[in-house]
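Visitor: Please take me through the aromatic rings in this model. I would like a close look at how they pair and where they sit.

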Amino acid sequence: MTNAYILTLSCPDRRGLVHAVSGFLLEHDSNIEEAAQFNDPATGLFFMRVRFASEGDPSQLREDLDAFAKPFEMHWRLHAAEEKIKTVIMVSRQGHCLNDLLFRWKEGLLPIDIRAIVSNHRDFYQLAASYNIPFHHIPVTAATKAQAEAKQFEIIEAEGAELVVLARYMQVLSNDLCSKLSGRAINIHHSFLPSFKGAKPYYQAHDRGVKLIGATAHYVTADLDEGPIIEQDVARAYHTDTVEDLTARGQDTESQVLARAVKWHSEHRVLMNGHKTVIFR
């Protein structure tokens, strides 16, 4: 039986790495279907993503990969290409990103398996029900934040979630939860930060007369809104725009940017490079 895999790896750069990886796959009766690589002179690291088909035993393949990688000091991951990533979405009271993700998922445009929606408000329980997705309402206050996050993490673990998407979830995660979700939580926010902090950023931007609005999707870290960036985009703003115009255009941009970030992550196209990312599109 032929199985399709995606191999991602990073290691200190040296001559012959592409040849070595290709040779390893050839020795394991594998056919390379797609390959991309990048060496970063600034960090001295080499990155590679390979999709290949193999008739070999998966367990033996992983065991041999582990032995192959050690001399090169490789960090590697092997994924079944057709396996969809189990995902939990967290949201508050702005539903544009949630609605967009659900539609794309239902249409087969995102290779994810949405297992649950978690929210600190009840606003979207009917939307979740319309997609037959379990909805968990977990209120959060300053006094109950620790208990609420414990419940959230329990759901994430129970669902086996490999990805958590903060689709405009308007609560700051604790350092503890950020650490637990390291490398598997994606957040989206408008790109006005740090200029326009706090409530109603589009009102602040309109008052300032900005000419560009945008959105940033990034991995969640304990440093608020400063995690490794996955995707960004911008849209023009005009003097004729109302606050409502800016908000609508900004929300469209947020939805598109988040969807691209989720898609690339779930296709194993994003590799960490310190505080930055390497993305094989």
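**Aromatic pairs**

Guide: Start with Phe38, in what is a predicted model. Phe38 has a relative accessibility of 36%, so this residue counts as partly exposed, between the 20% and 50% cut-offs. Its ring partner is Phe47. Phe47 is buried, because its relative accessible area of 0% falls under 20%. The two ring centres lie 6.4 Å apart, and the planes meet at 25 degrees. That angle is under 30 degrees, so the pair is stacked.

The structure holds five aromatic pairs. Another of them joins Phe68 and Phe72. Here the centres are 5.2 Å apart, with 50 degrees between the planes. This pair is tilted. Phe68 and Phe72 are both buried. Ring pairs also bring in Phe24, so that Phe24, Phe68 and Phe72 are linked into a cluster.

Now stay with Phe72. Phe72 lies in the loop between helix H2 (58–69) and strand S4 (75–80). Its relative accessible area is 16%, under the 20% cut-off, so Phe72 counts as buried. What does Phe72 touch, leaving aside residues up to four places away in sequence? The contacts are Cys11, Pro12, Arg14, Leu17 and Ala20. Leu17 is 55 residues from Phe72 along the chain, yet their C-alpha atoms are separated by 8.6 Å.

One more ring has a charge for company. The charged end of Lys180 sits over the ring of Phe153, at 4.7 Å from the ring centre.

Key: Residues are numbered from 1 along each chain as its sequence is written. This is a predicted model: local features need pLDDT of at least 70, side-chain atom pairs count only at pLDDT 80 or more; totals for chains, interfaces and linings use all residues. Side-chain values use heavy atoms; hydrogens and water are left out. Rings of Phe, Tyr and Trp (its six-membered ring) pair if their centres lie within 6.5 Å; planes under 30 degrees apart count as stacked, over 60 as edge-to-face and the rest as tilted. Buried means under 20% relative accessible area, exposed over 50%, partly exposed in between (1.4 Å probe, protein chains only). A charge sits over a ring if NZ of Lys or CZ of Arg is within 6 Å of the ring centre and within 35 degrees of the ring normal. Helices (H or I, at least four residues) and strands (E, at least two) are DSSP runs, numbered from the N terminus. Contact means heavy atoms within 4.5 Å.
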